[in-house]
Structure formats: C-alpha cells, structure tokens
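Work through the following exercises with the sequence and the model at hand, and try each task before reading its solution.

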Amino acid sequence: MGAQLIDGKAIAAEKRKAMMSRIESMKQQGFVPGLAVILVGENPASMSYVKGKIRDCKEVGIYSELIRFPDTVTEERLLAEIAELNENKEINGILVQLPLPNQISEQKVIQAIRPEKDVDGFHPINVGRLVTKQEGFVSCTPAGIIEMLKAIDVPVAGKHVVVVGRSNIVGKPASLLFLNLDATVTICHSKTKPLSQYTQQADILIAAAGREGLIHAEDIKPGAIVIDVGMNRNAAGKLVGDVSFEEVKEKAGFITPVPGGVGPMTRVMLLENTLIAADRQNKKGSL
C-alpha cells in the first residue's frame with residue numbers, strides 16, 4: 001500500500017496563514033513583532049537559509065532586519081552588535097546564522113543573546129527550561145516535528161520514539177520534547193551497534209544523523225512513522241535525506257519527504273517563536 005506522505009510544506013503554509021491574523025491583531029494593539037538575523041560571511045547555504053527566513057517574515061508581516069558582517073569580523077564586534085539588539089525594543093527575536101568563522105566562539109555568541117530573544121532555542125537557559133518542562137524556547141526543527149505529528153493526529157504518549165542523532169540542534173532537544181510528551185525515548189548515535197536493533201523497535205523514528213541513505217526498509221518496523229531530518233547532497237547534487245525514501249515508503253505508515261518535509265516546518269517555527277517572544281515581551285511591558 002505504501003506510506004502516507006507528511007506534507008511539511010502544506011502544514012507550514014497553513015500555520016503561516018493562521019499567523020497572519022495574529023500579527024494583524026498585534027499591529028492593531030500597537031506593536032509589530034520583529035526579528036533580527038545576523039549573517040557572517042558568504043557561505044552559500046547560509047545565505048540561502050537567511051534569504052528564506054527574511055522572505056518568510058515579509059510574507060506574514062513580521063518586521064525583519066538582516067545584519068551582515070564579513071567573515072573577518074571580530075568576536076568583540078559581533079558580541080557588541082548582539083548587545084545592541086538585546087536592548088532594541090523593535091527586535092523581539094535574534095538569530096545568528098551558524099556556522100561562524102573559527103575566530104568566533106559559537107557558544108559565546110549563543111550565550112550573549114538574551115534568553116527571551118533566543119528564538120533559535122539554543123541558549124543554555126532555554127535548554128535547561130526544556131529539561132525541566134518550564135516555559136522557554138525550543139529549537140525550531142524539533143518543535144516543527146511535533147507540529148507535524150499534531151497535524152496528522154498522531155498521539156505521542158506511550159509511543160516508542162527512536163532518535164538517530166544527538167546534536168544540540170535536533171537530536172537532544174527532540175528527545176527531551178518527546179519525553180515531556182510521555183513517549184518512551186531511545187537515542188542512537190554513531191557508536192550505537194547495531195543501529196537496526198533499535199530502529200526496528202520504533203513507533204516513531206527520527207532520522208537526524210546527517211548521513212545519506214542511513215535508514216533502509218529493513219531498519220524499520222511495518223507501519224512506523226518516519227521523520228527524515230537529514231539534508232544531504234548526493235553524488236548528483238540532489239538534496240536527499242538520511243532515509244532511503246523509495247524503499248522505506250513501501251513499508252512505513254507515514255513518511256516525510258526531502259525536500260518538502262521537515263525543512264518548511266523548521267522555518268515556520270522560527271516565525272512562531274518570534275511571535276511568542278513578541279507576545280511575552282509585550283505582556284511584560286518590555287517593548
């Protein structure tokens with residue numbers, strides 16, 4: 001029969017549509033949500049991502065600023081810019097596009113952003129709030145995965161979720177999110193042997209290792225929900241995931257495509273986090 005496709009692009013479009021009325025309501029109350037995006041250097045992938053984020057903001061009505069620096073910028077100068085944005089009342093969210101040049105500490109940059117403006121959800125305080133189930137910001141990709149599952153009416157509580165990958169951006173926060181939603185979570189990584197022993201047990205499989213063709217049909221159980229977070233370029237230059245899509249789709253219950261699956265959800269959750277930041281700051285009277 002084959003898996004049902006989880007159309008992240010369509011789900012994200014519906015969320016953007018709903019956001020527009022929320023933003024209009026905010027504007028009628030006298031404030032416009034604002035996002036600042038900092039881009040260092042001219043990495044083609046980073047430039048493409050940033051362009052998409054700015055375009056998304058314009059589409060839904062979020063005020064955005066793109067701040068660019070050459071890859072020779074000093075850490076001191078970048079941190080000074082972040083300090084200014086922390087005080088800027090027109091800016092509710094701050095995003096620094098990673099990766100950064102070697103002369104700049106990513107951790108120092110992440111920690112320089114005020115937690116209430118950390119719409120990427122990378123600040124240690126926001127990570128700690130996720131661990132302890134407190135209000136904060138969650139990394140956009142894991143948050144987007146949860147929204148996808150809600151959109152297809154898949155309950156998470158009681159499910160066995162296997163996460164392949166342990167990055168700070170996807171694997172770890174995704175694991176915590178699912179745990180907070182009462183799933184049983186197994187985290188796998190490059191040292192997990194044999195990987196299939198664990199992936200075959202998954203009701204929900206999150207593939208986020210960054211390895212082309214890592215997951216094959218024999219690695220999943222029939223009817224599993226397969227979420228492919230991988231973004232890889234194959235030998236032909238085509239964008240592919242961590243999952244061998246054509247074979248796995250014949251065995252899975254649901255599956256996300258690459259592209260058009262998790263990627264659009266990551267982008268829309270950045271907008272969502274920016275709106276949440278604006279709303280919280282407005283209620284606290286800090287705008």
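Helices (H or I, at least four residues) and strands (E, at least two) are DSSP runs, numbered from the N terminus. Residues are numbered from 1 along each chain as its sequence is written. The model is predicted, so that local features need pLDDT of at least 70 and side-chain atom pairs count only at pLDDT 80 or more, while totals for chains, interfaces and linings use all residues, and side-chain values use heavy atoms, with hydrogens and water left out.

**Exercise 1. Place Arg 211 in the chain and find which residues it touches.**

Solution. Begin with the position along the chain: Arg 211 lies in the loop between strand 7 and strand 8 (225-228). Next, look for contacts, where contact means heavy atoms within 4.5 Å. Leaving out residues up to four places away in sequence, Arg 211 touches Asn 232, Gly 241 and Asp 242. Finally, take the pair Arg 211 and Asn 168, which are 43 residues apart in sequence and 17 Å apart in space, C-alpha to C-alpha.

**Exercise 2. Determine the strand order of the sheet with six strands, and say which strands stand at its edges.**

Solution. Start from the rule that two strands pair if DSSP finds at least two bridges between them. The six strands form an open sheet with parallel pairing, in the order 1-11-8-7-5-6. Strand 1 (4-5) and strand 6 (184-188) are at the edges, and because each has a single partner strand, one side of each is left without a neighbour in the sheet. Within this sheet, strand 5 (residues 160-164) and strand 7 (residues 204-207) pair in the parallel sense over four bridges, and the bridge partner of Val 164 in strand 7 is Ala 207. Helix 7 (residues 171-180) packs on the sheet and touches strand 5, strand 6 and strand 7, and its direction makes about 165 degrees with that of strand 6. For such values, axes are lines fitted to C-alpha atoms, for helices over the stretch in contact, and angles run from 0 to 180 degrees between N-to-C directions.

**Exercise 3. Describe the sheet with three strands in the order 3-2-4.**

Solution. The pairing in this open sheet is parallel. Strand 3 (63-69) and strand 4 stand at the edges, each with a single partner strand, so one side of each lacks a neighbour in the sheet. From one strand to the next, the twist averages 15 degrees. Strand 2 (residues 34-40) pairs with strand 4 in the parallel sense over four bridges, and Ala 36 stands opposite Ile 94 in strand 4.

**Exercise 4. Work out how helix 6 and helix 10 pack, and which residues make the contact.**

Solution. Helix 6 (residues 140-151) and helix 10 (residues 262-283) have axes 8 Å apart and pack at an angle of about 105 degrees. Helix 6 is therefore roughly perpendicular to helix 10, since angles under 35 degrees count as roughly parallel, over 145 as roughly antiparallel, 65 to 115 as roughly perpendicular and the rest as oblique. Helix 6 contributes Cys 140, Thr 141, Ala 143, Gly 144, Ile 145, Glu 147 and Met 148, while helix 10 contributes Val 262, Met 265, Thr 266, Met 269, Leu 270 and Asn 273. By class, the contact has eight nonpolar, four polar and one charged residues, where Ala, Val, Leu, Ile, Met, Phe, Trp, Tyr, Cys and Pro count as nonpolar, Asp, Glu, Lys and Arg as charged, and the others, Gly among them, as polar.

**Exercise 5. Find the backbone features at Pro 194, Pro 259 and Lys 133.**

Solution. Keep the general background in mind: most residues other than glycine have a negative phi, and most peptide bonds are trans. The peptide bond from Lys 193 to Pro 194 is cis, with omega near -15 degrees, and Pro 194 is in the loop between strand 6 and helix 8 (195-199). Val 258 and Pro 259 are also joined by a cis peptide bond, with omega about 0 degrees, and Pro 259 is in the loop between strand 11 (254-255) and helix 10. Turning to phi, Lys 133 has a positive value of about 60 degrees although it is not a glycine, and Lys 133 is placed in the loop between helix 5 (124-131) and helix 6.
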